[in-house]
Amino acid sequence: ELVYVNNARAVISNTACNFSAYTFFNDKQGIAAAMQKELNRKFGDSLGAYVEALQISNVELPDVFQEAIVTSISTKQNITRSQRYLENMQVTFAQRVMVAEQELTQTVAIANGTAKSRLEAAAASATITAQTVSAEMVAFLNLSQALGMTPSQTLDYLWWDELEAGKDTAKDFLVGINPAAFVNQK
């Protein structure tokens with residue numbers, strides 16, 4: 001029995017040297033399978049035995065090495081967390097860019113609509129003014145012809161008519177006085 005135990009210790013120790021300590025934390029089953037394979041090769045060749053199952057239940061490492069492994073695992077978790085955060089921020093940034101682009105498109109569409117609306121309103125106002133002036137010209141032409149007025153008399157009539165129409169809101173007019181000669185005293 002001591003022969004089996006000593007051979008098993010030697011084979012397990014030699015096989016364990018082929019793996020990193022980190023692997024002992026992450027792939028115990030794979031290491032156990034490799035150890036079982038080596039034990040069966042050794043036992044089958046020289047001892048006539050077969051190992052049916054092998055399980056690694058406890059891994060003992062020096063405290064400093066154990067702390068280094070835990071620190072390494074913690075660091076890898078922090079890196080993974082930071083990478084996930086970066087990916088989340090990239091998605092958030094991409095969403096904000098899409099929102100900004102949509103708001104840009106919307107703002108441009110509203111601005112274009114407003115500009116076209118104002119252009120149409122200005123064109124309509126210009127058309128109304130042109131039609132009103134044209135109608136007034138025809139009316140005054142007909143009036144001056146019907147009354148036998150000269151163009152100068154028609155202009156005088158228009159001038160006084162406009163002054164009378166705006167007398168409540170218009171400023172005072174001094175006709176025939178040079179504006180530079182007027183002195184305002186308060």
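When I call a residue buried, I mean that it has under 20% relative accessible area, exposed means over 50%, and partly exposed covers what lies in between. By that scale Glu87, with a relative accessible area of 40%, is partly exposed, and I will come back to Glu87 after a look at the chain as a whole. Please keep in mind throughout that what you see above is a predicted model.

Let me start with the overall layout. The chain contains 5 helices and 0 strands, so that, going from the N terminus, its elements read α-α-α-α-α. Of its 186 residues, 11% count as buried, and the accessible surface comes to about 15400 Å², with 57% of that belonging to carbon and sulfur atoms. If we take the contacts with a separation of 6 or more, 47% of them are between residues 24 or more positions apart.

I would now like to turn to helix α3, which covers residues 28-47. Which residues of α3 are buried? They are Ile31, Ala32, Met35, Gln36, Leu39, Asn40 and Phe43. After the helix comes Gly48, which has a positive phi, near 65°.

One of these buried residues, Met35, also appears among the contacts of Thr15, a residue of helix α1, residues 2-16. Leaving aside residues up to four places away in sequence, Thr15 touches Ala34, Met35 and Glu38, and Thr15 is itself buried, at 6% relative accessibility.

Next, the aromatic pairs, of which the structure holds 2. In one of them, the ring centres of Tyr4 and Phe43 are 5.5 Å apart and the planes stand at 70°, and because an angle over 60 degrees counts as edge-to-face, that is how this pair is classed. Tyr4 belongs to helix α1 and Phe43 to helix α3, so the pair ties together parts that are 39 residues apart in sequence. The two partners differ in their surroundings, since Phe43 is buried at 7% relative accessibility, whereas Tyr4, at 35%, is partly exposed.

The other pair is formed by Phe140 and Tyr157, again edge-to-face, with 6.2 Å from centre to centre and 65° between the planes. Here Phe140 sits in helix α4, residues 63-147, and Tyr157 in helix α5, and the two are 17 residues apart. Phe140 is partly exposed at 21%, and Tyr157 is partly exposed as well, at 40%. Tyr157 has a further role in this description, because together with Leu143 and Leu147 it makes a nonpolar surface patch of about 280 Å², a patch whose residues each need over 30% relative accessible area.

Finally, the salt bridges. Side chains of opposite charge can pair when their charged atoms come close. A search of the whole structure finds 2 such bridges. Arg41 is bridged to Glu38, with 2.9 Å between the closest N and O atoms, and both lie in helix α3, 3 residues apart, which is about one turn of the helix. Arg41 is partly exposed at 48%, as is Glu38 at 27%, and Glu38 is one of the residues that Thr15 touches.

That brings me back to Glu87, which meets Arg84 in a salt bridge of 3.6 Å, N to O. Why are these two about one helical turn from each other? Because they are 3 residues apart in helix α4. Arg84 is partly exposed, at 43% relative accessibility, and Glu87, as I said at the start, is partly exposed at 40%.

Conventions:
Residues are numbered from 1 along each chain as its sequence is written. This is a predicted model: local features need pLDDT of at least 70, side-chain atom pairs count only at pLDDT 80 or more; totals for chains, interfaces and linings use all residues. Side-chain values use heavy atoms; hydrogens and water are left out. Patches are made of residues with over 30% relative accessible area and no salt bridge: like charges are joined within 9 Å, nonpolar side chains (Val, Leu, Ile, Met, Phe, Trp, Tyr) within 5 Å. Accessible areas come from the Shrake-Rupley method with a 1.4 Å probe; for residues, only the protein chains shown count as cover. A salt bridge is a side-chain nitrogen of Lys or Arg within 4 Å of a carboxyl oxygen of Asp or Glu. Helices (H or I, at least four residues) and strands (E, at least two) are DSSP runs, numbered from the N terminus. Buried means under 20% relative accessible area, exposed over 50%, partly exposed in between (1.4 Å probe, protein chains only). Contact means heavy atoms within 4.5 Å. Rings of Phe, Tyr and Trp (its six-membered ring) pair if their centres lie within 6.5 Å; planes under 30 degrees apart count as stacked, over 60 as edge-to-face and the rest as tilted.
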